[in-house]
Amino acid sequence: MKSLKANIIVVFAVIALSPLAAMAHQGEMHSNPAFGSAAPAPAATRTITISSTTKYVNVAQGDVVKFDVDGKTFTWQFDTLRANSSFDFSAIAPSGVNTHGVRVYVAPNPTYAN
């Protein structure tokens, strides 16, 4: 009976830590509520590939996007404080990622449009 309890504790610990493990490979992330927050890769609803020819990306508030930049990936949720804003991609990219001077444009979430 005691080993069953120990196994249950281990299972709950693994479940609780799995989102942290999913983000661990993504490198050091920026955190700023004006831009959103890092998210686990499985939460992404779309993938955007950034190359040297990419000038900008369009997202909406609430989007969860996996970015692929020169083979390095990270996932970001645009739970921003304001819509209709733009900022440099470097504000959210992990350190060591070449952001190619890309600009991010955030539109209002269409779910909440009047």
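User: Let's start at the surface. How much area does the protein expose, and what share of it do carbon and sulfur atoms supply?

Analyst: The protein exposes about 7,000 Å², and 58% of that comes from carbon and sulfur atoms. Keep in mind that this is a predicted model.

User: Okay, and what percentage of the residues is buried?

Analyst: Of the 114 residues in the protein, 31% are buried. To read that, you need the cut-off: a residue is called buried when its relative accessible area is under 20%.

User: Now the overall layout. How many helices and strands are there, and in what pattern do they follow along the sequence?

Analyst: You'll find one helix and seven strands. Going along the sequence, the pattern reads α-β-β-β-β-β-β-β.

User: With that many strands I want to see the sheets. Which strands form the four-stranded sheet, and in what order?

Analyst: The order across that open sheet is S1-S5-S4-S2, and its pairing is mixed. At the edges stand S1 (37-38) and S2 (46-50), each pairing on one side only.

User: How do I see the "mixed" part? In which sense do S2 and S4 pair, and how do S4 and S5 run?

Analyst: Follow S4 and look to each side. S2 and S4 pair in the parallel sense over five bridges, while S4 and S5 run antiparallel and are joined by six bridges. You can check the register with single residues. On the S2 side, Arg 46 has Val 65 of S4 as its bridge partner, and Ile 50 stands opposite Val 69 in S4. On the S5 side, Val 69 is bridged to Lys 72.

User: What sits between S4 and S5, and which residue there has a positive phi?

Analyst: S4 and S5 make a hairpin with two residues between the strands, and in that hairpin Asp 70 takes a positive phi near 50°. That's a positive value in a residue other than glycine. Asp 70 belongs to the loop between S4 (64-69) and S5 (72-77).

User: Is Asp 70 buried or exposed?

Analyst: Asp 70 is exposed, at a relative accessible area of 53%; the cut-off for that word is over 50%.

User: Which other residue has a positive phi although it is not a glycine?

Analyst: Take His 100, where phi is about 55°. His 100 sits in the loop between S6 (85-88) and S7 (103-107). With 23% relative accessibility, His 100 counts as partly exposed.

User: That brings us to S7. Which strands form the three-stranded sheet, and in what order?

Analyst: It's an open sheet with the order S3-S7-S6, and the pairing is mixed. S3 and S6 stand at the edges with a single partner strand each, so one side of each has no neighbour in the sheet. On average, neighbouring strands here are turned by 25° against each other, direction ignored.

User: How does S7 pair with S3 and with S6?

Analyst: With S3 (residues 56-60), S7 pairs in the parallel sense over five bridges. With S6, S7 pairs in the antiparallel sense over four bridges. For landmarks, Val 57 has Val 104 of S7 as its bridge partner. On the other pairing, Ser 85 is bridged to Val 106, and Ser 86 stands opposite Tyr 105.

User: How do I read the faces of a strand, and which residues of S7 are on the covered face?

Analyst: In a regular strand, side chains alternate between the two faces of the sheet. In S7, Val 104 and Val 106 make up the covered face, while Arg 103, Tyr 105 and Ala 107 are on the uncovered one.

User: What about contacts between residues far apart in sequence? What share do they account for?

Analyst: Among contacts with a separation of 6 or more, 52% are between residues 24 or more positions apart. Lys 55 gives you a case: Lys 55 and Val 102 are 47 residues apart in sequence, with 4.9 Å from C-alpha to C-alpha. Beyond its neighbours within four places, Lys 55 is in contact with Gly 101, Val 102 and Arg 103. Lys 55 lies in the loop between S2 and S3 and is exposed, with a relative accessible area of 60%.

User: Last one: how many aromatic pairs are there, and which residues form a cluster?

Analyst: The structure holds six aromatic pairs. Phe 67, Phe 74, Phe 78 and Phe 89 come together as one aromatic cluster.

Key: Residues numbered from 1 in each chain as written. Predicted model: local features only at pLDDT ≥ 70, side-chain atom pairs only at ≥ 80, totals over all residues. Heavy atoms only, no water. Buried < 20%, exposed > 50% of the residue type's maximum accessible area, 1.4 Å probe, protein only. Pairing = 2+ DSSP bridges. Axes fitted to C-alpha atoms, helices over the stretch in contact; angles between N-to-C directions. Contact = heavy atoms within 4.5 Å. Areas by Shrake-Rupley, 256 points an atom, 1.4 Å probe, with all protein chains shown as cover. Phe/Tyr/Trp six-rings, centres within 6.5 Å; stacked < 30°, edge-to-face > 60°.
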